[in-house]
Amino acid sequence: MKNPYIINTHSHANMLKDTNIDQAIQNAQEAKIITIVPSSTADDIFEVDKFIQKYDDVFGYVGVFPEEVKTFTEKTLNDMESIIRSNPKIIGIGEVGLDYYWDKSFKELQKEVFIKQIEFANEMNLPLNIHSREAHLDTLEILKKYNKNSTAILHCFSGSLEFALTCIKEGIYIALGGVVTFKNAIKAKEVAENIPLDYLLLETDDPYLAPVPFRGKENQPMYVKYVAECIANLRSIPTDEVAKTTTQNAERIFNFNAK
Ligand code: NI
């Protein structure tokens with residue numbers, strides 16, 4: 001797509017249930033929105049590979065999600081590598097990371113698989129789309145220690161402004177989604193209002209976390225424009241400026257102009 005309006009850096013468009021997927025993708029295309037779809041398990045990397053080939057302006061990440069690290073095997077990185085080599089629409093590794101919210105019983109395994117995927121992203125020279133929940137300090141420490149050359153993006157950022165600024169100092173990007181539109185999301189609003197725009201990315205994480213005015217309903221890729229609008233209001237700047245700068249950020253990270 002020439003001159004996309006917004007790049008939605010994290011959407012599980014393949015997981016929509018109440019919304020027709022073809023229609024949701026078409027809505028995004030018509031709004032000049034590029035959608036990037038992560039995988040979650042060692043098996044659905046194949047599904048994401050196929051899914052993104054069906055649609056224009058839809059790209060993907062391969063990676064194993066922290067809650068799914070038990071699906072990660074000896075052959076997972078080989079599978080990812082062959083998908084990356086055969087499908088140029090795979091533009092990053094994700095979603096990977098740490099999640100201590102649901103289950104703390106396999107923290108060590110989560111760390112081990114996260115590190116392996118960071119090293120793999122470095123080898124492939126691809127950016128990392130990172131899920132970090134109640135694991136902020138470990139995530140940052142591991143990135144500082146193991147990440148050599150991949151741009152890291154903290155998706156659905158849930159930390160404080162202070163932590164966001166610490167990450168930005170390390171060259172890490174902050175991605176915000178629908179949560180920023182929620183009335184009592186004080187931390188997310190503070191981050192959205194104050195971080196340098198050059199380190200901000202937009203996303204939806206659909207089908208979850210639909211922004212206001214769709215809160216509680218099924219989210220979809222095009223709703224990313226409500227995220228942009230909310231952030232623009234918080235910063236008292238035009239929505240187009242948020243859209244333009246975050247699009248340039250994503251184009252730079254994913255090297256879109258070469259694609
Ligand atoms: Ni996600």
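Trainee: Why does His10 count as buried?

Mentor: His10 has 0% relative accessibility. Buried means under 20% relative accessible area, exposed over 50%, and partly exposed in between, with a 1.4 Å probe and protein chains only. The value lies under the cut-off, so His10 counts as buried. This is a predicted model, in which local features need pLDDT of at least 70 and side-chain atom pairs count only at pLDDT 80 or more, while totals for chains, interfaces and linings use all residues. Residues are numbered from 1 along each chain as its sequence is written, and side-chain values use heavy atoms, with hydrogens and water left out.

Trainee: Why does Asp205 count as buried?

Mentor: Its relative accessibility is 10%, so Asp205 counts as buried.

Trainee: What makes an atom a donor of the nickel ion?

Mentor: Donors are N, O and S atoms within 2.8 Å of the metal (3.2 Å for Na, K and Ca); water is not among the atoms, so sites may look incomplete. His10 (NE2), His12 (NE2), Glu95 (OE) and Asp205 (OD) coordinate the nickel ion at 2.2 to 2.4 Å.

Trainee: Why is the arrangement around the nickel ion called irregular?

Mentor: The 4 donor atoms subtend angles of 85 to 171 degrees. Four donors count as tetrahedral if all angles lie between 85 and 135 degrees; four count as square planar and six as octahedral if opposite donors are over 155 degrees apart and all others between 65 and 115; anything else is irregular. The angles of 85 to 171 degrees make this arrangement irregular.

Trainee: Which parts of the chain does the pair His10 and Asp205 tie together?

Mentor: His10 lies in the loop between strand S1 (6–8) and helix H1 (21–30), and Asp205 in the loop between strand S8 (200–202) and helix H8 (224–235), so the pair ties together parts that are 195 residues apart in sequence. Helices (H or I, at least four residues) and strands (E, at least two) are DSSP runs, numbered from the N terminus.

Trainee: How do you know that the buried residues of H3 line one face of the helix?

Mentor: In helix H3 (residues 76–86), the buried residues are Thr76, Asp79, Met80, Ile83 and Ile84. Seen down the axis of H3, they fall within an arc of 135 degrees, so they line one face; the arc is that of the directions from the helix axis to the C-beta atoms. On the other side of H3, Asn78, Arg85 and Ser86 are exposed.

Trainee: What makes strand S4 mostly covered?

Mentor: In S4 (residues 90–99), 10 of its 10 residues are buried.
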